[in-house]
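Biologist: I'd like a close look at one part of this model, taken slowly, and then a walk outward from there. Here it is.

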Amino acid sequence: MTAKIKGFDQNNQRISTQQLLQQIYAELENGQTEFEILSSGHHDIGGPLWTQDGTPLKFRVKNPGQRVGSFALDGTEIVVEGSAPADAGWLCAGGEVTILGDGGDTTAHCAASGKIFVGGRVGTRSGSLMKHDPAFEPPQFWVLKSTGSFSFEFMGGGIAVVCGWGCEEQESILGDRACAGMVGGTVYVRGPVAGLSDEVWLLELDEADRAFLAGNLPVFLGKIGRPQLLDELGEMRGWRKIVAKSYAERHVQSHITMREFRLQKWVGDGGIFGDLVKDDYARVAGLVNTGDDRLKIPRWQDKRFGAPCQVSCPSHIPTQERIKLLRQGKVEEALELVLRYSPFPGSVCGEVCPNLCMDSCTRRFLDHPVRMKELGRLSVNTASPQPAAATGKQVAVIGGGPGGLSAAWQLRLKGHAVTVFEADAEVGGKLRQVIPSERLPADALQSEIDRIKGLGIEIRANTRVDAPLFDKIRGEYHAVAIASGAHNPVIIPFPGHERLVKGLEFLKAINRGERPSVGERVVVLGAGNAGMDVCLGAYAMGAKQVTAIDIQRPAAYQNEIAHVEKLGGRIVWPFFTAKIDEKGVHGKNGELLEADTVIIAVGERPDLSFVPRQWLTERGMMDVDGCLQSPHAPGVFAIGDTIQPGLLTHAIGQGADVALQIDAFLQGQVPEPIKHPEVIPASCLSKELYRPQNRGRFCSTDALAETGRCLSCGTCRDCSMCLEACPEGAIRRIEKADGSFEYVSDDHVCIGCGVCSGICPCGIWAMDVLS
């Protein structure tokens, strides 16, 4: 009796594949061995199944899904009425699968045993990865018509028969690129075959082949219901076979000449570029060439790129140049070089700067960054460079902080007369007013301010600039630089804000020598670098517990946070303040931070009440163009916190930039945005040529010892490695009259091999592609 199974429920709705297979399993448990299945795309019908007593299983299936007959075992017979989709007979393991129509892609894929009969054509990659275990009969795969492309790909064993019936007009009954990677088995074909892999042979039949086909063709045609085709297909003159080449045969190489390759494979009729290039190759460059025949040419590009430290430094200090001079023994020249970029190498670079240059230093990928602070301190007592001849131009700088003094310093070096207007009793800005002395030694700062004054810059202290004075300054000076900074603390108007102590005023009072009173418990609103300075100040004034809060991840640098935490301070975030009262700071989540004193340090805004309101942005900052000049007032420039909050080093770097812009303006030129060097790509540097030091034992306080550790990124260190390594001896070192040097490559000798580029530790040699 035959079990009839439908892929639909009582409401004529399709059931899942799992439900259909469970019905088959249940009938099998009940002793059924013959099945008629009306499917609706259900997959995996027919295997792997078996009976305990070895009774054969028979399936007759309509409308199957993928993998019908997959894993079909010995004793299983499956007949598909009509066509089957992909993977029919996949991994067939002894069963017999007959498809009365067409088979989809990858029919008989990975078949290991059994027989698969197809009464039509099959799709792409059918028969691929067929294999034969000698312990079992080889799998057989019979196709009445043709296969899709990539058929029998990576076939390792078994027998395939493609009859090609009705396909005489096709270019190839095996599609394109058949039998690629085939290493075993036999494919019998009848009809046109083209595009076979070079890894197989197409051969005539021998007696054993003819006997196999004669004995099995009737079986195949009977299975698919086409016995009338036996006389036509049994004519052996149209049959051939495909077998894999042996390992030795696959590795026989035959070479054509280079000229044959160019004219036959490259251009010419049938060449891959034949329709694009017309060339008789009368002159052909050799494999190794010089001059214009090279594919690439080397170019010495000393200082074409900036080192990572230089590019990341807001003051643009070229430390690689400074260390190069130190390496050459030119100590005074090296120390003076830094002063060409910043008048504060000791107090800022050496003490309070977060040293973004060290974060970018290439040496840190080997062991530790070059010690920038120690290098900066070398220049504390260095004499100032000599200013250029007087130009007769006068420039006013409003604000004597680090940005204003940087601008004044650079302008004076260019020969201009400079006057600094400072509201405080002494110049220095936040360097003097705010930063705790334990972070910035007073003698170091005073030494550098004295050096600035000694250059001949006029300082007008205790002079607060208002609107009338500003108008007077504009009339008396050829140019004005506004660098008054930001000194108005931001106050957030939540309930109880009147209890807040302003952090900037608190720090200024401490640095004036006063002792502002604080309670034992202090909460600081703001966990940036300024907030950390307030925490240090609170401990210095007698606080026993200081907590800094912020609504986001603290913006302070890690070393600043670590300093506060070492004293016992806490950092709490995120904390959203709801109100402040006599108990302390209340969070919006109900948490109370008890405090006797609450100090706010969430930023400051500039006081620019002395300039017309239309000169300001919507946020109350100076409106400037890409040259730091006000678009409303030619000759008026602005830098630092008056245009955007930033670090001290940003203000110093902008001071140097604005000096260049003002100098151009005073010379009657149209200022243009300054282009700073782009960073050298890391791929240009050969870090493996440097020996790393043991990080655990690393200890260096001698700045001069850093000359051996700097990789000199983008700047030639004159090591001559390229000259010594060039296999053709094409590179020469040329000494110039001014003491400088350059390396050149002789085009008549250089072969463009790129050894110079690969061996250069500093990334100086580039390989340009010849067009």
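Which residues does Thr642 touch, not counting those up to four places away in sequence?

Modeller: Keep in mind that this is a predicted model. Leaving out residues up to four places away in sequence, Thr642 touches Ile482, Ala483, Ser484, Gly485, Pro606, Leu608, Met621 and Met622. Thr642 itself sits in the loop that runs between strand E27 (636–638) and helix H19 (648–666). Loop or not, Thr642 has a relative accessible area of 0%, and the cut-off is under 20%, so Thr642 counts as buried. Its side chain also reaches back to the backbone oxygen of Ile639, at 2.6 Å.

Two of those neighbours lead us on. Ile482 and Met622, both touched by Thr642, are listed with Phe344, Phe470, Val611 and Ile662 as the residues with the most contacts inside the largest nonpolar core, a set of 54 residues. Helix H12 (residues 402–413) gives the most to this core, with six residues. There is also a second, separate core of 47 residues, and Ala3, Ile24, Ile99 and Val122 are among its members.

Now follow H19, the helix after our loop. H12 packs on H19 at an angle of about 35 degrees, and the two axes are 7 Å apart. The crossing is right-handed. On the H12 side, the residues that meet H19 are Pro402, Gly403, Ser406, Ala407, Gln410 and Leu411. Across from them in H19 you'll find Leu648, Ala651, Ile652, Gly655, Ala656, Val658, Ala659 and Ile662. Ile662, then, is part of this helix pair and also one of the residues with the most contacts in the largest core.

Phe344 ties several of these pieces together. Setting aside neighbours within four places in sequence, Phe344 is in contact with Pro402 and Leu405, with Leu431, with Leu445, Glu448, Ile449 and Ile452, and with Ile652, as well as with Cys349. Pro402 and Ile652 turn up again in the packing of H12 against H19.

Cys349 takes us to helix H9 (residues 345–352), where seven of the eight residues are buried. Those seven are Pro345, Gly346, Ser347, Val348, Cys349, Gly350 and Val352. What covers them includes helix H8 (331–339), helix H11 (372–377), helix H13 (430–433), helix H14 (442–454) and, once more, H19.

Stay with H19 and go past its end. Cys713 is in the loop between H19 and helix H20 (721–725). At 6% relative accessibility, Cys713 falls under the 20% cut-off and therefore counts as buried. Not counting residues up to four places away in sequence, Cys713 touches Ala307, Pro308, Gln320, Thr362, Ile680, Leu685 and Cys762. From Cys713 to Ser128 is 585 residues along the sequence and 55 Å in space, C-alpha to C-alpha.

For another helix pair, try helix H16 (residues 503–511) and helix H17 (residues 529–540). They pack at an angle of about 50 degrees, with axes 10 Å apart. Oblique covers 35 up to 65 degrees as well as 115 to 145, so H16 and H17 are oblique to each other. H16 passes H17 in a left-handed crossing. Gly503, Phe506, Leu507 and Ile510 in H16 meet Ala530, Asp533, Val534, Gly537 and Ala538 in H17.

If you want another buried threonine in a loop, look at Thr107, between strand E5 (93–99) and strand E6 (113–118). Its relative accessible area is 0%, so Thr107 is buried. With residues up to four places away in sequence left out, Thr107 touches Asp87, Ala88, Ile116, Val118, Val122, Ser126, Gly127 and Phe141. Val122 is one of the residues in the second core.

A few backbone details are worth checking by eye. The Gly47 to Pro48 peptide bond is cis, with omega about -10 degrees, and Pro48 lies in the loop between strand E2 (34–38) and strand E3 (57–62). Trp573 and Pro574 are also joined by a cis bond, omega being near -10 degrees. Phe154 is not a glycine, yet has a positive phi of about 55 degrees; its relative accessible area is 47%, so Phe154 is partly exposed. Arg177, also not a glycine, has a positive phi of about 55 degrees, and at 48% Arg177 is partly exposed as well.

Methods
Residues numbered from 1 in each chain as written. Predicted model: local features only at pLDDT ≥ 70, side-chain atom pairs only at ≥ 80, totals over all residues. Heavy atoms only, no water. Core = buried A, V, L, I, M, F, W, Y, C linked by side-chain atoms within 4.5 Å. Buried < 20%, exposed > 50% of the residue type's maximum accessible area, 1.4 Å probe, protein only. Helix = DSSP H or I, 4+ residues; strand = E, 2+ residues; numbered from the N terminus. Contact = heavy atoms within 4.5 Å. Polar contact = N/O pair within 3.5 Å; in protein donor to acceptor, adjacent residues only side chain to side chain. Axes fitted to C-alpha atoms, helices over the stretch in contact; angles between N-to-C directions. Left-handed = near helix turned anticlockwise from the far one by under 90°.
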